[in-house]
Amino acid sequence: MDLATTRTGRPVSRQPDEPMPSSALKLSLRMIRFKHIIVALLLSVFFFFAFCFIALHGYIAWVLSNPTVAPLYSNPSLAKGLDYEDITFPALDGSRTMQGWYIPSKGATKTIVFSHGYGANREETWVPMYDLAHYAHSLHFNVIMFDYGFASKTNRDIATGGKKESQQLLGAIKFAKERGAKEIVVWGFSMGAGTALQAGLVTKDVDAMILDSTFLLEPDTLYHNIKQNIDLPRQPSLEIMKLLFPVLNGTGLNQIPYTKVKSEDYPFPILFMHGTQDEKAPYPIAEELAANQSNPYSTSWIVKDSHHELLFREHPREYLRRVSAFLGNVQLAKAQEHKETSTASK
């Protein structure tokens, strides 16, 4: 057989693929469209819930920045028969004018400045502030009661956890000094106590502090209070709040010197008072702050089963006894300091 001979016959060629039936093509297109719709719906649901989650945190941040504060209902004269003056003074940074009351004690050169808490005004009825103002006056102290910006009845401002409020408190301290005070004690409650500690970092005009139910705005206490009302996960809730606070009230958590406050050994004596059933400011914060103090007259009173800012109501006699003893020690310290200064100058 001649291998060079060309084979003849019908050539073999590749058969073309048969076209997909139109019904199958339509079904395939429907499946693709269906998958796209499912993906789009899932993404829509995800972004909707993400938006709602962020919006919820925005609402919480807005509410915290804009507390509802009741109007003033009385005054020192009506409440306790104390003569007083309506006063105004600037915040130390000049950002706003503060309103308050000055209750003079004839011939006194020492003044107590009350620093009220969050969501309250200078009256802070549940403490009750008028009773403590009357008590301070009976100890021959002048008394200053004033409203923070977020409680102002004429020009309300946002609450900033102490950033702006510390400047407002420093303005009150300066006012007390201008009115002749040679000894100034700040008596703070809740966030007003935390604000006092922030002011204490930068002033040399404070001789002592009495801090009741100290609330310091930091991530732990912020989340603790949010969780009391709504069960949100710690993360990413805290990160979202950190991002939203600067947008909604111009103050980031990192602008509040809570880390420095928690490590500071203040040069003046401090009385820390706190209840173990405090649901807004867990009492270990007071224990931690008190442990940092080396001033021999600094002390703490942790009250079993007592509640936030209700220590005076729940234990009035012991409360006043502790305050009286503390103020007496402050007087002794001032007298000793004056004696040492006089001896050194001779």
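Here are four short exercises on this structure, each with a worked solution.

This is a predicted model, in which local features need pLDDT of at least 70 and side-chain atom pairs count only at pLDDT 80 or more, while totals for chains, interfaces and linings use all residues. Residues are numbered from 1 along each chain as its sequence is written, and side-chain values use heavy atoms, leaving out hydrogens and water.

**Exercise 1. The sheet**

Task: find the order of the strands in the open sheet, then its edge strands.

Solution. Start with the naming: strands (E, at least two residues) and helices (H or I, at least four) are DSSP runs, numbered from the N terminus. Next, trace the open sheet of eight strands, and you get the order 1-2-4-3-5-6-7-8 with mixed pairing. Two strands pair if DSSP finds at least two bridges between them. Now look at the edges: strand 1 (85-90) and strand 8 (299-303) each pair on one side only. From one strand to the next, the twist averages 20°. For a detail, zoom in on strand 6 (residues 208-212) and strand 7 (residues 270-275), which run parallel and are joined by four bridges. Here Met209 stands opposite Ile270 in strand 7.

**Exercise 2. Helix 4 and helix 5**

Task: describe how helix 4 and helix 5 pack.

Solution. First, read off the geometry: helix 4 (residues 163-178) and helix 5 (residues 191-200) meet at an angle of about 70°, with axes 8 Å apart. Axes are lines fitted to C-alpha atoms, for helices over the stretch in contact, and angles run from 0 to 180 degrees between N-to-C directions. Second, classify the angle: under 35 degrees is roughly parallel, over 145 roughly antiparallel, 65 to 115 roughly perpendicular and the rest oblique. Helix 4 and helix 5 are therefore roughly perpendicular to each other. Third, list the contact (heavy atoms within 4.5 Å). Helix 4 brings Lys163, Glu165, Ser166, Leu169 and Leu170, and helix 5 brings Thr195, Ala196, Gln198 and Ala199. Finally, sort the residues of this contact: four are nonpolar, three polar and two charged. In this scheme Ala, Val, Leu, Ile, Met, Phe, Trp, Tyr, Cys and Pro count as nonpolar, Asp, Glu, Lys and Arg as charged, and the others, Gly among them, as polar.

**Exercise 3. Helix 6 and helix 7**

Task: repeat the steps for helix 6 and helix 7.

Solution. Helix 6 (residues 219-229) packs on helix 7 (residues 234-249) at about 110°, and their axes lie 11 Å apart. Helix 6 and helix 7 are therefore roughly perpendicular to each other. Their contact involves Pro219, Asp220, Leu222, Tyr223 and Ile226 of helix 6 and Arg234, Leu238, Met241, Lys242 and Phe245 of helix 7. Sorting these residues gives seven nonpolar, no polar and three charged. While you are in helix 7, find Pro236: the peptide bond from Gln235 to Pro236 is cis, with omega near 15°.

**Exercise 4. A loop with two special spots**

Task: locate Glu124 and Pro128, and describe the backbone at each.

Solution. Begin with the place: Glu124 is in the loop between strand 3 and helix 3, and Pro128 lies in the loop between strand 3 and helix 3 too. Then check phi of Glu124, which is near 35°, a positive value in a residue other than glycine. Last, check the bond joining Val127 and Pro128: this peptide bond is cis, with omega about -5°.
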